Structure formats: structure tokens, C-alpha cells
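Colleague: I'm new to this structure and would like to learn how to read it. Could you walk me through it, one feature at a time?

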Amino acid sequence: MSFRKDMLRYGTLVILAVIFIAGLSVIIITAEIKYDGECMVSAVVEWKSSKGSSVNIYVLNTSSASCSFIMGYQGVAVAVCLVFFIYFILLLRKVIVNPRVLPWFALLCIIAAVFSLVCVMVLYIGLSNLCDGFLERYEGYTTCEAFESSYHYDRKGFTGLFKGAQIASWLSCVFWAVMALMLFAQRKSFRIRRSLRVENSIQT
């Protein structure tokens, strides 16, 4: 039982470290998805030249709302992750013992997983809309990567940034969900140990 308890607690610290790194990665990468200093996550390509014209002229209608949401949420998630990490360090050192908060921690983890999934969807839809806008006129290209590699675009590498932020958000989502499961498991472990102590006290 002691080995299982230690594995759960140390495993929890490892998962929190992964979540922390993934959250910071999302913030850093999302901050780089810019065009002329403006957020590209929800940008829409607006063509100023007519279709079939020898010169393709476009502007990007950008909005900072999506970037603010993703970076703001991930900033809060990273802060919560730090609080959890400190709590479990103190729990391992037996400075505090308060298993009653674990279900509330698990609920926060579930909420964080849902919001991380929303971030994934925002990034996916943003990249899809952006690519569709560009490829609408550049019909010779089937992917954004091909378009970027052969056309002199002002912000090369935006597809890689989008996908990097998506991967980091997926990691955050998955590990927040795993964290919730581990917290429920720890809560169950506390209950089992408590019932055993009660039985032993009755027998003695």
C-alpha cells in the first residue's frame, strides 16, 4: 500500500511538471503566431485583387481575442499547476494532510482539460480558415506547408507554430484528465487507509 501511495504521489508530481511545461509552451508558441505584430490565430484572409489577376493582393483581418483567450487561460492553468505542485510537495513531506480537497482539485483538473480542448479547437479552426483563405487563390498548392515553402510569405512557418501550439494544448488536455483520475485514485487510497485504521482500532 505504501509503495502504491508513493507511486501515485510521485507520479502526480511528474504529471504536473508535464502540464506546466506544456502550458508554458502553448503561451510561448501562441505569442509567436503573429502578422505585423497582430495575432493570427483567428485571422481571415481578405483578397483585394480579383480572381485570375496577375497580382494577388490580400490583407489579413486579425483579432487579438483568440490569442488573449489561449494565453490567458494557459497562464491561469500554469499558476494552478504550481499551486498543486507545492501542495503535493508538502503532502509528501507530511507538512499537511488534507485529502478532503482532492475531489475539488480533481474538479479543477476536469475544467482545465475541457478548456485545453477548447484551445485545441480554436487553434485547429484558426489554421484551417487561414489555409483555406490562402489556398482559395493558390490552387496549385494542396497544403499550407507547400504554399509556405514555395511562396514568399511574410510570416513563414506559421503552420508549424499553429501545429506546435495544438500539440502542446493536446498534451495539456490529456495530462489534466490523467491528473483528475490520479486525484480520485489518491482520494480512494486515503479512504481505504482510514477504514483500515478504524478496523484496527476496533480490534484492539
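Modeller: Happy to. Let's begin with a single residue: Val114 has a relative accessible area of 48%, so it counts as partly exposed. Val114 sits in helix H3. Keep in mind that we're looking at a predicted model.

Colleague: Which residue far along the chain is Val114 paired with in space, and what is the C-alpha distance?

Modeller: That's Cys173: the two are 59 residues apart in sequence, yet their C-alpha atoms are 7.0 Å apart.

Colleague: Let's step back, then. How many helices and strands does the protein have?

Modeller: Five helices and four strands. Going along the sequence, the order is α-β-β-β-β-α-α-α-α. The protein has 204 residues, and 39% of them count as buried. Take the contacts with a separation of 6 or more: 73% of those link residues 24 or more positions apart.

Colleague: Now the helix packing. How do I describe two helices side by side?

Modeller: Two packed helices are described by the angle between their axes and by the distance between those axes. Here, try helix H2 (residues 65-92) and helix H3 (residues 102-135): their axes come within 11 Å and cross at roughly 155 degrees. That angle makes H2 roughly antiparallel to H3, because anything over 145 degrees gets that label. The crossing of H2 past H3 is left-handed.

Colleague: What classes of residue make up the contact of H2 with H3?

Modeller: There are 16 nonpolar residues, three polar ones and no charged ones. On the H2 side you'll find Phe69, Tyr73, Phe84 and Phe88, among others. The H3 side includes Leu108, Ala112, Phe115 and Val122.

Colleague: And H2 by itself? How far does H2 reach from its first C-alpha to its last?

Modeller: H2 has 28 residues and spans 40 Å, close to the 40 Å expected at 1.5 Å a residue. Its buried residues include Ile70, Tyr73, Gln74, Cys81, Phe84 and Phe88. After H2 comes Lys94, which has a positive phi, near 60 degrees.

Colleague: Is Ala79 on H2 buried, partly exposed or exposed?

Modeller: Ala79, which belongs to helix H2, is partly exposed, because its relative accessibility is 39%. Its C-alpha is 8.6 Å from that of Phe20, a residue 59 positions away along the chain.

Colleague: Let's move to helix H1. How should I read a residue like Thr12?

Modeller: Start with its place and its accessibility. Thr12 lies in helix H1 (residues 2-32). Its relative accessibility is 0%, so Thr12 counts as buried, the cut-off being under 20%. Next, look at what it touches: leaving out residues up to four places away in sequence, Thr12 contacts Phe88, Met179, Met182 and Gln186. You've already met Phe88, one of the buried residues of H2.

Colleague: Which residues does Ile19 touch, with that same neighbour rule?

Modeller: Ile19 touches Cys81, Phe175, Trp176 and Met179, again without residues up to four places away. Ile19 is another residue of helix H1, and at 3% relative accessibility it counts as buried. For a C-alpha pair, take Ile19 and Leu82, which are 63 residues apart in sequence and 9.8 Å apart in space.

Colleague: Is Ala17 buried, partly exposed or exposed?

Modeller: Partly exposed, because Ala17 has a relative accessible area of 32%. Ala17 is in helix H1 too. Its C-alpha is 8.1 Å from that of Phe85, though 68 residues separate them along the chain.

Colleague: So let me try a recap of the helix pair. H2 and H3 come within 11 Å of each other, axis to axis, and they run roughly antiparallel.

Modeller: Right, and add that H2 passes H3 in a left-handed crossing. For H1, remember Thr12 and Ile19: Thr12 is buried at 0% relative accessibility, and Ile19 is buried at 3%.

Technical notes:
Residues numbered from 1 in each chain as written. Predicted model: local features only at pLDDT ≥ 70, side-chain atom pairs only at ≥ 80, totals over all residues. Heavy atoms only, no water. Axes fitted to C-alpha atoms, helices over the stretch in contact; angles between N-to-C directions. Helix = DSSP H or I, 4+ residues; strand = E, 2+ residues; numbered from the N terminus. Parallel < 35°, antiparallel > 145°, perpendicular 65-115°, else oblique. Left-handed = near helix turned anticlockwise from the far one by under 90°. Contact = heavy atoms within 4.5 Å. Nonpolar A, V, L, I, M, F, W, Y, C, P; charged D, E, K, R; others polar. Expected span 1.5 Å × (residues − 1). Buried < 20%, exposed > 50% of the residue type's maximum accessible area, 1.4 Å probe, protein only.
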